[in-house]
Amino acid sequence: MRTLSNLLAVPLLLVLLLGCCHASGSTNETAARQWFEQFNLDLAVQRNLAVEAGWNYAVNITDENSRKRNFTDKNLTRLFSKSDDIGTSVANATMQELYSSVRTRLATFYNTAKVKDPRSGDMVPLEPNIVAAMADPDVPQSVKRDFWVGWRDESGKKMKNDYEEFVHLGNAMIREAGYANLAEYWQSWYEPTSDFEQTMETLWTEFKPYYSLLHAYVRSKLRPHFGSEIFPLTNHLPAHILGNMWAQSWANVDHLTMPYPESWTVDITKEMLRKGWNSTTMFRVSEEFFASLGLGNMTDTFWAKTVMDRLPNVEMNCHASAWDFYTNEGDFRVKQCTSVTLPYLATTHHEMGHIQYFMQYEKQPVPFRDGANPGFHEAVGDTIELAVMTPEHLVKIGLLNSTIDSNEYYVNYMFLMALKKLAFIPFGYLIDKWRWSVFKGEVTPQQYNSAWWKLRCDLQGISSPVPRSEDDFDPGAKYHVPGNTPYIRYFVSHFLQFQFYEALCNKSGHTGPLYKCDFYQSKEAGDALKKMLAAGSSKHWEDTLEELTGTREVSAAPLIRYFRPLFDFLTEANKNSSEPLTWSSECPGDDWYTSTAAPPVTTAPPPQTTTSGSSGRLAGATWLQLSMAALLGALLSTLLTR
Ligand SMILES: [Zn+2]
């Protein structure tokens with residue numbers, strides 16, 4: 001959302017200030033303040049209109065609601081363009097239309113893809129069918145492999161041409177706003193004081209040895225279960241057996257990998273169902289945690305307008321998200337198709353974290369109504385989740401009878417957190433690492449898929465179950481790529497949330513191991529959190545971070561402190577196994593695939609050409625200033641789950 005103000009407000013402000021006021025400094029300031037007050041009101045109204053239209057489309061996907069997201073009045077579009085004091089023409093509108101339609105095509109490929117279930121022959125969607133099959137320990141790996149390939153054939157593979165066009169148009173448009181490319185624009189949200197990409201690489205390098213411990217341990221457990229023949233000699237983990245379509249969370253292989261299987265037998269999801277929990281219970285429990293810190297309850301509008309369950313009889317986008325309607329009257333909402341499970345309890349807290357941020361910075365001027373940086377916004381709910389998921393807290397909310405004070409018990413607990421949070425970190429890094437190089441032209445369309453797999457194999461240590469080529473476009477099989485949603489925020493958030501958590505634990509007076517800390521009902525922790533949230537983006541994020549944690553840097557140190565007993569366990573366990581700690585930076589060669597006994601996968605028909613003849617390339621066209629309509633239609637984003 002901050003994107004709108006950055007692009008529109010700054011040039012407009014400069015034009016008006018430079019154009020109108022040459023008087024003394026104080027008069028200048030008074031005039032500027034008066035001008036800004038009016039601008040701020042207008043900006044809130046504009047954003048509200050855009051968010052309303054986006055919400056209406058997300059909860060009821062129809063052609064009519066899609067059209068309503070864009071301005072249809074060409075004259076109005078032109079007026080907004082002219083307001084930026086830069087000439088415009090019909091070509092401008094043409095370019096916007098092309099960009100808008102390529103984005104719609106990308107999203108449609110993803111949202112409408114269906115895959116043949118190898119068991120029944122039925123065509124099934126990603127959610128809930130394929131997601132459930134990938135997560136199910138009883139589904140054979142060959143079925144998972146067919147789903148893995150089928151999903152990529154039916155989604156990403158069809159997008160390749162359109163994605164190339166999207167990159168071309170997106171870069172051209174952002175250049176008009178003064179950025180070299182989309183990568184530079186996305187990174188600008190972090191106001192980097194040094195090389196942002198290098199900072200991220202340093203964080204990853206610091207963390208990688210700990211990820212390797214988890215990787216080798218999980219490999220040692222999965223190899224005997226699935227059989228060595230599907231594990232490449234390069235020591236990669238096969239991507240399709242980790243319980244998740246993108247191998248971004250390994251939480252669903254917990255039963256196969258748990259360090260002490262006899263020590264943690266409680267099924268929290270079962271307990272939630274047994275106690276009669278529903279989606280409202282989950283949202284109320286989350287609200288109550290924030291309230292216990294002194295942060296206030298959700299607003300009446302929140303409860304009236306939030307969508308907690310899939311709506312009947314409409315097509316809707318079920319990807320959980322949080323929305324700020326910029327009304328100054330407490331209109332904040334979550335859209336989520338909740339199922340009563342422990343993972344959804346975590347998601348509920350994640351989205352509630354966004355809502356609390358919205359609430360606390362509501363009084364800031366609109367351009368400051370945002371996270372200190374995008375990673376902050378993603379980290380708030382997850383910080384709360386770290387406290388809520390402690391066995392100590394689960395007892396307090398009636399989902400666990402008692403805790404067992406043994407090392408085994410807590411190693412298991414930390415391991416569950418690691419399968420979800422630590423396994424995610426390289427994935428959280430590589431999506432935008434890939435996109436930055438695509439946006440900057442360092443990776444050409446002829447290298448899209450091989451560059452993607454280079455990162456998947458090298459960083460994440462996973463390999464595809466079947467050979468891949470440039471006929472495939474596997475990045476497109478992940479929602480945020482066709483959805484054009486930046487991703488590095490989740491990587492940053494996975495370090496920040498442990499920094500926030502440790503700081504809040506300290507404020508609450510917690511003593512003992514960090515992983516046992518539940519700062520529930522601590523007003524001291526609440527005050528510190530509230531202060532950070534209320535600042536929004538009014539200060540540089542390094543100042544905001546320093547105020548809460550005493551450091552100005554995103555750091556892996558608190559995360560490493562939190563997981564230390566688990567890392568000690570993994571180090572010992574890996575010594576007793578024959579699994580190497582490392583894997584090849586290169587993917588397995590095609591010869592490995594042809595030499596394995598795995599039966600061939602049924603391949604889908606070749607992809608259709610997706611670039612329509614009339615749209616094509618816009619070579620030679622003059623790119624003009626972004627109009628308000630293009631901004632609203634193209635760059636509007638909400639805060640999604642990863
Ligand atoms: Zn989020």
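**Buried annotated residues and nonpolar cores**

Glu351 counts as buried because its relative accessibility is 0%, where the cut-off for that label is under 20%. This comes from a predicted model, and Glu351 is a good place to begin reading it: the residue sits in helix α15, which spans residues 342-360. An unreviewed UniProt entry gives the feature "active site" at Glu351 and His480. His480, in turn, lies in the loop between β6 (462-463) and α21 (488-507). With 0% relative accessibility, His480 is therefore buried as well.

Turning to the overall fold, the protein contains 26 helices and 7 strands. Of its 642 residues, 57% are buried. Among contacts with a separation of 6 or more, 79% link residues 24 or more positions apart. The protein exposes about 25600 Å², and carbon and sulfur atoms supply 52% of that area.

In soluble globular proteins, nonpolar side chains tend to be buried together. Here, the largest nonpolar core has 169 residues, and the members touching the most others are Tyr163, Trp250, Phe519, Tyr562 and Phe563. Helix α10 (residues 196-226) provides the largest share of this core, with 13 residues. Tyr562 offers a handy view of the packing: leaving aside residues up to four places away in sequence, Tyr562 touches Leu386, Tyr413, Met414 and Met417, along with Phe498, Tyr501, Leu514 and Tyr515. A second core, separate from the largest one, holds 15 residues, among them Leu43, Trp55, Ala58 and Val59.

Technical notes. Residues are numbered from 1 along each chain as its sequence is written. This is a predicted model: local features need pLDDT of at least 70, side-chain atom pairs count only at pLDDT 80 or more; totals for chains, interfaces and linings use all residues. Side-chain values use heavy atoms; hydrogens and water are left out. A nonpolar core is a set of buried Ala, Val, Leu, Ile, Met, Phe, Trp, Tyr and Cys residues joined through side-chain atoms within 4.5 Å. Buried means under 20% relative accessible area, exposed over 50%, partly exposed in between (1.4 Å probe, protein chains only). Helices (H or I, at least four residues) and strands (E, at least two) are DSSP runs, numbered from the N terminus. Contact means heavy atoms within 4.5 Å. Accessible areas come from the Shrake-Rupley method with a 1.4 Å probe; for residues, only the protein chains shown count as cover. UniProt positions are given in the numbering used here, feature names are shortened, and annotations may be inferred rather than shown by experiment.
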